[in-house]
Amino acid sequence: MALNRILLYYQFTPLADPEAVRLWQHTLCESLGLRGRIIISKDGINGTVGGELNAIKQYRKKTREYAPFKSMEFKWSEGGAEDFPRLSVKVRDEIVSFGAPGELKVDENGVIGGGVHLKPEQVHEVVDAAKAEGKEVAFFDGRNAFEAQIGKFKNAIVPDVDTTRDFIKEIDSGKYDHLKDQPVITYCTGGIRCEVLSALMKNRGFEEVYQIDGGIVRYGEKYGDSGLWEGSLYVFDQRMHMEFTEDAVTIGKCVNCSAPTNKFENCSNPSCRNLRLFCAECAQDEEALRCPDCVESAHI
Ligand SMILES: [Zn+2]
Ligand SMILES: [Zn+2]
(Lines give C-alpha, C1' and ligand atoms only; values in the text may rest on other atoms or scores of the structure.)
(Ligands and ions follow the chains in the order given, each with its own letter.)
Protein backbone atom coordinates (compact mmCIF):
# COMPACT_ATOMS: atom_id res chain seq x y z
CA MET A 1 0.00 0.00 0.00
CA ALA A 2 1.39 3.37 -1.01
CA LEU A 3 1.86 5.96 1.72
CA ASN A 4 0.08 9.25 1.26
CA ARG A 5 0.55 12.59 2.94
CA ILE A 6 -0.63 16.20 2.93
CA LEU A 7 1.73 19.19 3.02
CA LEU A 8 0.74 22.58 4.42
CA TYR A 9 2.92 25.62 3.88
CA TYR A 10 3.09 29.33 3.29
CA GLN A 11 5.73 31.94 2.72
CA PHE A 12 5.44 35.71 2.59
CA THR A 13 8.04 36.86 0.09
CA PRO A 14 7.96 39.24 -2.89
CA LEU A 15 7.16 37.45 -6.16
CA ALA A 16 7.88 39.57 -9.21
CA ASP A 17 5.87 37.36 -11.56
CA PRO A 18 3.06 35.50 -9.74
CA GLU A 19 1.65 34.16 -13.02
CA ALA A 20 4.95 32.47 -13.89
CA VAL A 21 5.04 30.90 -10.40
CA ARG A 22 1.47 29.70 -10.91
CA LEU A 23 2.30 28.00 -14.20
CA TRP A 24 5.39 26.35 -12.74
CA GLN A 25 3.55 25.15 -9.61
CA HIS A 26 0.63 23.85 -11.65
CA THR A 27 2.89 21.87 -13.98
CA LEU A 28 4.92 20.55 -11.05
CA CYS A 29 1.86 19.36 -9.11
CA GLU A 30 0.27 17.82 -12.17
CA SER A 31 3.45 15.91 -13.10
CA LEU A 32 3.54 14.46 -9.56
CA GLY A 33 -0.17 13.58 -9.39
CA LEU A 34 -0.85 15.98 -6.51
CA ARG A 35 -4.17 17.57 -5.71
CA GLY A 36 -4.97 20.51 -3.44
CA ARG A 37 -5.20 24.25 -3.34
CA ILE A 38 -2.42 26.78 -3.92
CA ILE A 39 -2.82 30.55 -3.85
CA ILE A 40 -0.10 32.84 -5.17
CA SER A 41 0.12 36.62 -4.99
CA LYS A 42 2.77 39.30 -5.38
CA ASP A 43 3.36 38.75 -1.63
CA GLY A 44 3.93 34.99 -1.52
CA ILE A 45 2.37 31.55 -1.61
CA ASN A 46 -0.10 29.59 0.54
CA GLY A 47 -0.74 25.94 -0.22
CA THR A 48 -2.14 22.60 0.89
CA VAL A 49 -1.39 19.64 -1.37
CA GLY A 50 -1.82 15.91 -0.98
CA GLY A 51 -0.38 12.92 -2.78
CA GLU A 52 1.83 9.88 -2.62
CA LEU A 53 4.67 10.26 -0.10
CA ASN A 54 7.54 10.19 -2.62
CA ALA A 55 5.72 12.62 -4.90
CA ILE A 56 5.17 14.95 -1.95
CA LYS A 57 8.87 14.79 -1.07
CA GLN A 58 9.76 15.59 -4.68
CA TYR A 59 7.36 18.52 -4.62
CA ARG A 60 8.94 19.93 -1.47
CA LYS A 61 12.46 19.54 -2.89
CA LYS A 62 11.58 21.17 -6.23
CA THR A 63 9.67 24.01 -4.59
CA ARG A 64 12.58 24.83 -2.30
CA GLU A 65 14.92 25.02 -5.30
CA TYR A 66 13.25 28.33 -6.19
CA ALA A 67 15.23 30.95 -4.24
CA PRO A 68 12.29 32.85 -2.67
CA PHE A 69 10.99 29.54 -1.24
CA LYS A 70 14.30 28.02 -0.14
CA SER A 71 13.64 28.43 3.59
CA MET A 72 9.92 27.66 3.45
CA GLU A 73 8.64 25.45 6.29
CA PHE A 74 6.41 22.54 5.37
CA LYS A 75 4.05 20.89 7.81
CA TRP A 76 3.07 17.26 7.27
CA SER A 77 -0.38 15.95 7.88
CA GLU A 78 -2.25 12.67 7.49
CA GLY A 79 -4.20 12.33 4.25
CA GLY A 80 -3.54 12.37 0.51
CA ALA A 81 -4.70 13.52 -2.92
CA GLU A 82 -8.11 11.94 -2.29
CA ASP A 83 -8.82 14.59 0.36
CA PHE A 84 -9.11 17.23 -2.37
CA PRO A 85 -11.63 17.38 -5.20
CA ARG A 86 -9.02 18.64 -7.69
CA LEU A 87 -5.85 20.62 -8.19
CA SER A 88 -6.40 24.38 -8.01
CA VAL A 89 -3.52 26.82 -8.47
CA LYS A 90 -4.60 30.45 -8.58
CA VAL A 91 -3.18 33.97 -8.57
CA ARG A 92 -5.06 36.29 -6.21
CA ASP A 93 -4.56 39.79 -4.80
CA GLU A 94 -3.77 38.30 -1.39
CA ILE A 95 -2.71 34.86 -0.13
CA VAL A 96 -5.05 35.42 2.84
CA SER A 97 -8.05 37.61 2.07
CA PHE A 98 -8.11 40.54 4.48
CA GLY A 99 -9.11 42.97 1.74
CA ALA A 100 -5.90 44.94 2.26
CA PRO A 101 -3.56 44.00 -0.58
CA GLY A 102 -2.14 47.51 -0.77
CA GLU A 103 -1.36 47.74 2.92
CA LEU A 104 0.70 44.58 3.42
CA LYS A 105 4.43 45.02 2.94
CA VAL A 106 6.72 42.04 2.54
CA ASP A 107 10.39 41.44 1.87
CA GLU A 108 12.51 38.28 1.61
CA ASN A 109 12.27 37.87 5.40
CA GLY A 110 8.47 37.89 5.40
CA VAL A 111 5.89 40.44 6.48
CA ILE A 112 7.35 43.84 7.40
CA GLY A 113 6.12 45.34 10.65
CA GLY A 114 4.20 42.30 11.93
CA GLY A 115 3.90 41.07 15.50
CA VAL A 116 6.81 39.47 17.33
CA HIS A 117 6.91 35.71 16.65
CA LEU A 118 6.64 33.55 19.77
CA LYS A 119 7.50 29.89 20.12
CA PRO A 120 4.95 28.03 22.28
CA GLU A 121 7.07 28.25 25.45
CA GLN A 122 7.64 31.97 24.84
CA VAL A 123 3.88 32.48 24.97
CA HIS A 124 4.07 31.56 28.65
CA GLU A 125 7.11 33.78 29.17
CA VAL A 126 5.23 36.80 27.81
CA VAL A 127 2.20 36.03 29.99
CA ASP A 128 4.40 35.66 33.11
CA ALA A 129 6.47 38.77 32.38
CA ALA A 130 3.29 40.84 31.97
CA LYS A 131 1.91 39.44 35.22
CA ALA A 132 5.09 40.46 37.03
CA GLU A 133 4.47 44.02 35.83
CA GLY A 134 0.84 43.90 36.91
CA LYS A 135 -0.39 43.79 33.30
CA GLU A 136 -2.59 41.27 31.63
CA VAL A 137 -1.97 39.72 28.22
CA ALA A 138 -4.93 39.73 25.86
CA PHE A 139 -5.25 36.69 23.59
CA PHE A 140 -6.84 37.89 20.35
CA ASP A 141 -8.49 35.27 18.14
CA GLY A 142 -7.47 35.70 14.50
CA ARG A 143 -9.99 33.22 13.13
CA ASN A 144 -13.63 33.45 12.08
CA ALA A 145 -15.73 33.80 15.23
CA PHE A 146 -17.54 30.48 14.82
CA GLU A 147 -14.26 28.55 15.04
CA ALA A 148 -13.80 29.78 18.62
CA GLN A 149 -17.16 28.32 19.67
CA ILE A 150 -15.50 24.93 20.17
CA GLY A 151 -12.04 26.01 21.34
CA LYS A 152 -9.90 29.04 22.11
CA PHE A 153 -7.23 30.34 24.43
CA LYS A 154 -8.69 30.81 27.91
CA ASN A 155 -10.37 34.23 28.28
CA ALA A 156 -9.46 35.12 24.69
CA ILE A 157 -11.08 38.00 22.88
CA VAL A 158 -13.07 36.70 19.93
CA PRO A 159 -13.70 39.46 17.37
CA ASP A 160 -17.10 39.49 15.72
CA VAL A 161 -16.02 38.38 12.24
CA ASP A 162 -17.71 36.04 9.79
CA THR A 163 -14.75 36.09 7.43
CA THR A 164 -11.19 37.38 7.53
CA ARG A 165 -12.37 40.34 5.43
CA ASP A 166 -14.30 41.67 8.45
CA PHE A 167 -11.18 42.21 10.59
CA ILE A 168 -10.25 45.70 9.44
CA LYS A 169 -13.74 47.07 10.10
CA GLU A 170 -13.73 45.31 13.49
CA ILE A 171 -10.32 46.69 14.55
CA ASP A 172 -11.26 50.18 13.31
CA SER A 173 -14.52 50.10 15.32
CA GLY A 174 -12.79 51.27 18.49
CA LYS A 175 -13.98 48.21 20.45
CA TYR A 176 -10.44 47.11 21.12
CA ASP A 177 -8.75 50.48 21.62
CA HIS A 178 -8.17 49.67 25.31
CA LEU A 179 -5.72 46.99 24.13
CA LYS A 180 -3.51 49.45 22.28
CA ASP A 181 -1.08 49.83 25.19
CA GLN A 182 -1.40 46.23 26.43
CA PRO A 183 0.43 43.10 25.31
CA VAL A 184 -1.74 41.32 22.71
CA ILE A 185 -1.05 37.78 21.49
CA THR A 186 -2.81 37.03 18.22
CA TYR A 187 -3.39 33.40 17.32
CA CYS A 188 -4.95 31.37 14.52
CA THR A 189 -4.89 27.77 13.31
CA GLY A 190 -1.49 27.56 11.63
CA GLY A 191 -0.18 31.11 11.99
CA ILE A 192 -0.73 32.54 8.52
CA ARG A 193 -3.73 34.74 9.33
CA CYS A 194 -1.86 36.35 12.24
CA GLU A 195 1.06 37.27 9.97
CA VAL A 196 -1.28 39.75 8.32
CA LEU A 197 -3.57 40.53 11.26
CA SER A 198 -0.69 41.45 13.59
CA ALA A 199 0.73 43.85 10.97
CA LEU A 200 -2.69 45.47 10.44
CA MET A 201 -3.06 45.92 14.22
CA LYS A 202 0.39 47.46 14.58
CA ASN A 203 -0.40 49.85 11.72
CA ARG A 204 -3.46 50.93 13.72
CA GLY A 205 -1.62 51.78 16.91
CA PHE A 206 -1.52 48.52 18.87
CA GLU A 207 1.91 48.84 20.42
CA GLU A 208 2.81 45.40 21.75
CA VAL A 209 1.59 42.70 19.37
CA TYR A 210 2.75 39.09 19.26
CA GLN A 211 1.86 36.09 17.12
CA ILE A 212 2.36 32.39 17.76
CA ASP A 213 4.76 30.65 15.40
CA GLY A 214 2.87 27.75 13.81
CA GLY A 215 -0.32 28.91 15.50
CA ILE A 216 -2.61 26.82 17.68
CA VAL A 217 -1.41 23.64 15.96
CA ARG A 218 2.16 24.05 17.19
CA TYR A 219 1.11 25.31 20.62
CA GLY A 220 -1.19 22.28 20.99
CA GLU A 221 1.54 19.87 19.93
CA LYS A 222 3.67 21.20 22.78
CA TYR A 223 1.15 21.78 25.57
CA GLY A 224 -1.90 19.72 24.59
CA ASP A 225 -4.68 20.48 27.05
CA SER A 226 -2.46 21.29 30.02
CA GLY A 227 -1.58 24.85 28.96
CA LEU A 228 -3.61 27.94 28.12
CA TRP A 229 -5.64 26.38 25.31
CA GLU A 230 -9.14 25.14 25.98
CA GLY A 231 -11.35 22.86 23.86
CA SER A 232 -11.21 21.54 20.30
CA LEU A 233 -9.53 22.97 17.23
CA TYR A 234 -11.69 23.68 14.18
CA VAL A 235 -10.06 22.22 11.04
CA PHE A 236 -10.94 22.86 7.41
CA ASP A 237 -11.37 19.28 6.29
CA GLN A 238 -13.99 16.57 6.67
CA ARG A 239 -13.11 16.00 10.33
CA MET A 240 -14.13 19.61 11.14
CA HIS A 241 -12.58 19.43 14.58
CA MET A 242 -9.67 17.79 16.37
CA GLU A 243 -8.60 17.43 19.97
CA PHE A 244 -4.99 17.54 21.19
CA THR A 245 -5.49 14.96 23.97
CA GLU A 246 -8.21 12.90 25.62
CA ASP A 247 -8.45 15.60 28.29
CA ALA A 248 -9.87 18.20 25.90
CA VAL A 249 -12.93 19.87 27.39
CA THR A 250 -16.04 20.35 25.27
CA ILE A 251 -16.85 24.06 25.44
CA GLY A 252 -19.37 24.18 22.55
CA LYS A 253 -23.12 23.97 23.12
CA CYS A 254 -25.89 22.61 20.91
CA VAL A 255 -27.89 25.58 19.54
CA ASN A 256 -31.08 23.58 19.98
CA CYS A 257 -30.79 21.98 23.44
CA SER A 258 -27.55 23.40 24.93
CA ALA A 259 -25.96 19.96 25.38
CA PRO A 260 -22.14 20.03 25.15
CA THR A 261 -20.85 19.36 21.63
CA ASN A 262 -17.95 20.14 19.30
CA LYS A 263 -19.69 19.10 16.09
CA PHE A 264 -20.78 21.60 13.43
CA GLU A 265 -23.71 20.56 11.25
CA ASN A 266 -25.61 22.31 8.48
CA CYS A 267 -29.07 23.54 9.37
CA SER A 268 -31.59 21.12 7.77
CA ASN A 269 -33.55 23.94 6.12
CA PRO A 270 -32.46 23.57 2.46
CA SER A 271 -32.58 27.32 1.87
CA CYS A 272 -30.39 27.99 4.94
CA ARG A 273 -27.72 25.32 5.50
CA ASN A 274 -26.00 27.54 8.11
CA LEU A 275 -23.18 25.79 9.95
CA ARG A 276 -24.08 25.63 13.63
CA LEU A 277 -23.24 23.47 16.64
CA PHE A 278 -25.57 20.52 17.24
CA CYS A 279 -25.37 17.61 19.66
CA ALA A 280 -25.46 14.07 18.25
CA GLU A 281 -29.07 13.60 19.33
CA CYS A 282 -30.42 16.79 17.70
CA ALA A 283 -28.35 16.08 14.59
CA GLN A 284 -30.36 12.83 14.12
CA ASP A 285 -33.67 14.67 14.05
CA GLU A 286 -34.48 16.87 11.05
CA GLU A 287 -36.85 19.00 13.14
CA ALA A 288 -34.24 19.63 15.82
CA LEU A 289 -31.48 20.24 13.26
CA ARG A 290 -32.61 23.81 12.67
CA CYS A 291 -30.51 26.87 13.43
CA PRO A 292 -32.13 29.43 15.80
CA ASP A 293 -32.91 31.78 12.88
CA CYS A 294 -34.92 29.08 11.12
CA VAL A 295 -36.69 27.96 14.29
CA GLU A 296 -37.82 31.55 14.87
CA SER A 297 -39.06 32.12 11.34
CA ALA A 298 -41.05 28.84 11.53
CA HIS A 299 -43.05 30.29 14.44
CA ILE A 300 -43.95 33.55 12.71
ZN1 LIG B 1 -29.02 19.16 21.06
ZN1 LIG C 1 -31.18 27.68 9.36
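Two strands count as paired here if DSSP finds at least two bridges between them. With that in hand, welcome to this structure, which is a predicted model. Four of its strands form an open sheet with parallel pairing, in the order β8-β12-β11-β9. Elsewhere, strand β1 runs antiparallel to β3 and also antiparallel to β4. The briefing below takes the strands first, then the nonpolar cores, then the cysteines.

**The open parallel sheet**
- The sheet follows the order β8-β12-β11-β9, and its strands pair in parallel.
- Strands β8 (116-118) and β9 (138-141) are at the edges with a single partner strand each, so one side of each has no neighbour in the sheet.
- On average, neighbouring strands of this sheet are turned by 35 degrees against each other, ignoring direction.
- Helix α3 (residues 120-132) packs on the sheet and touches β8, β9, β11 and β12. The direction of α3 makes about 115 degrees with that of β8.
- Within the sheet, four bridges link β11 (residues 183-187) to β12 (residues 208-212) in the parallel sense.
- To find this pairing in the model, look for Val-184, which stands opposite Val-209 in β12.

**Strand β1 and its antiparallel partners**
- Strands of a sheet pair through backbone hydrogen bonds, and they may do so in parallel or antiparallel fashion.
- Strand β1 (residues 4-12) is joined to β3 (residues 44-52) by nine bridges, and the two run antiparallel.
- Tyr-10 has Asn-46 as its bridge partner in β3.
- Strand β1 is also joined to β4 (residues 74-78), this time by five bridges, again antiparallel.
- Here Leu-7 stands opposite Trp-76 in β4.

**Nonpolar cores**
- The largest nonpolar core has 26 residues, and the members touching the most others are Phe-12, Phe-140 and Met-201.
- Two or more residues of this core come from each of β9, α4 (167-172) and α5 (192-203).
- Helix α5 gives the largest share, six residues.
- Beyond its neighbours within four places in sequence, Phe-12 is in contact with several residues, including Asp-43, Gly-44, Ile-95, Leu-104, Val-111, Ile-192 and Val-196.
- Another core of 21 residues lies apart from this one, and Val-137, Ile-185, Ile-212 and Ile-216 are among its members.

**Cysteines**
- The structure has zero disulfides.
- Cys-267 is buried, because its relative accessible area is 0%, and buried means under 20%.
- Cys-279 also counts as buried, at 8% relative accessibility.

Methods
Residues numbered from 1 in each chain as written. Chains lettered and ligands numbered in written order. Predicted model: local features only at pLDDT ≥ 70, side-chain atom pairs only at ≥ 80, totals over all residues. Heavy atoms only, no water. Axes fitted to C-alpha atoms, helices over the stretch in contact; angles between N-to-C directions. Contact = heavy atoms within 4.5 Å. Core = buried A, V, L, I, M, F, W, Y, C linked by side-chain atoms within 4.5 Å. Buried < 20%, exposed > 50% of the residue type's maximum accessible area, 1.4 Å probe, protein only. Disulfide = S-S within 2.5 Å.
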